[in-house]
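Ready for a little practice in reading a protein structure? Take a look at the model, and then try each exercise before you read its solution.

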Amino acid sequence: MALAVFILAARAELPMHARFDVSEAALNRVADEYLATGATGGGPDDWAGLYHVDDVYLRGDCVFVVTGGSFLVGPSGFARCDGGAPTKPQGYHSFDHFEGRWWKFTVYT
């Protein structure tokens, strides 16, 4: 039973990791541009690979790239943390390591 649950969980994560892998270079460009210029994105044509960029902001050593969300959950997306493993920001529902310097997050509204 535990093996079946693990396999189902791994299969659910596979599409997200594949989409991220295709988009990682573009997400890095968005984070680098924000650090250099303060550009926040959010226009209808603001895409980072396969993700629409709704907003970009800095919190501590992390650049947050908002790529989704809803009125029930709030903003969600990826945070690139260049200063190592961050602490979970206050008010964030989830803040979990994804891969490399990237973390995934969801904010309560």
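Below are five exercises on this predicted model, each with a worked solution.

**Exercise 1. Find out how many helices and strands the protein has, and in which order they run.**

Step 1: Count the elements. The protein has one helix and seven strands.

Step 2: Walk along the chain from the N terminus. The elements run α-β-β-β-β-β-β-β.

**Exercise 2. Work out the strand order of the open sheet of five strands, and name its edge strands.**

Step 1: Read across the sheet. The order is β3-β4-β5-β7-β6, and the pairing is antiparallel.

Step 2: Look for strands that pair on one side only. These edge strands are β3 (55-59) and β6 (92-99).

Step 3: Check the turn between neighbours. On average, neighbouring strands of this sheet are turned by 25° against each other, direction ignored.

Step 4: Recall what holds such strands side by side. Strands of a sheet pair through backbone hydrogen bonds, either parallel or antiparallel.

Step 5: Follow each edge strand to its partner. β3 joins strand β4 (residues 62-70) in the antiparallel sense over five bridges, and in β4 the bridge partner of R59 is C62. At the other edge, β6 pairs with strand β7 (residues 102-107) over six bridges, also in the antiparallel sense. There, F95 has F105 in β7 as its bridge partner.

Step 6: Look at the link between β6 and β7. The two strands form a hairpin with two residues between them. G100, in the turn, has a positive phi of about 55°.

**Exercise 3. Classify the ring pair F20 and F78 as stacked, edge-to-face or tilted.**

Step 1: Start with the total. There are nine aromatic pairs, counting rings whose centres lie within 6.5 Å.

Step 2: Compare the pair with the cut-offs. The ring centres of F20 and F78 are 5.1 Å apart and the planes stand at 50°, so the pair is tilted; planes under 30 degrees apart would count as stacked, and over 60 as edge-to-face.

Step 3: Place the two rings in the chain. F20 belongs to helix α1 (residues 2-37) and F78 to strand β5 (residues 74-81), so the pair ties together parts that are 58 residues apart in sequence.

Step 4: Decide whether they are covered. Buried means under 20% relative accessible area. F20, at 0% relative accessibility, counts as buried, and F78 counts as buried at 4%.

Step 5: Now try a second pair. The rings of F95 and W103 have centres 5.6 Å apart and planes at 5°, so this pair is stacked. F95 and W103 are both buried.

**Exercise 4. Describe the largest nonpolar core and say which residues have the most contacts inside it.**

Step 1: Find its size and its best-connected members. The largest core has 15 residues, and F20, L27 and F78 have the most contacts inside it.

Step 2: Ask which element gives the largest share. That is α1, with six residues.

Step 3: Zoom in on L27. Leaving out residues up to four places away in sequence, L27 touches F20, A48, Y51, V65, F78 and W102.

Step 4: Look for a separate core. Another one, of eleven residues, lies apart from the largest core and includes C62, V66, C81 and V107.

**Exercise 5. Work out what share of the residues is buried, and what supplies the exposed area.**

Step 1: Take the buried share. Buried residues make up 34% of the 109 residues.

Step 2: Turn to the surface. The protein exposes about 6,600 Å², and carbon and sulfur atoms supply 60% of it.

Terms used
Residues are numbered from 1 along each chain as its sequence is written. This is a predicted model: local features need pLDDT of at least 70, side-chain atom pairs count only at pLDDT 80 or more; totals for chains, interfaces and linings use all residues. Side-chain values use heavy atoms; hydrogens and water are left out. Rings of Phe, Tyr and Trp (its six-membered ring) pair if their centres lie within 6.5 Å; planes under 30 degrees apart count as stacked, over 60 as edge-to-face and the rest as tilted. Helices (H or I, at least four residues) and strands (E, at least two) are DSSP runs, numbered from the N terminus. Buried means under 20% relative accessible area, exposed over 50%, partly exposed in between (1.4 Å probe, protein chains only). Accessible areas come from the Shrake-Rupley method with a 1.4 Å probe; for residues, only the protein chains shown count as cover. Two strands pair if DSSP finds at least two bridges between them. Axes are lines fitted to C-alpha atoms, for helices over the stretch in contact, and angles run from 0 to 180 degrees between N-to-C directions. A nonpolar core is a set of buried Ala, Val, Leu, Ile, Met, Phe, Trp, Tyr and Cys residues joined through side-chain atoms within 4.5 Å. Contact means heavy atoms within 4.5 Å.
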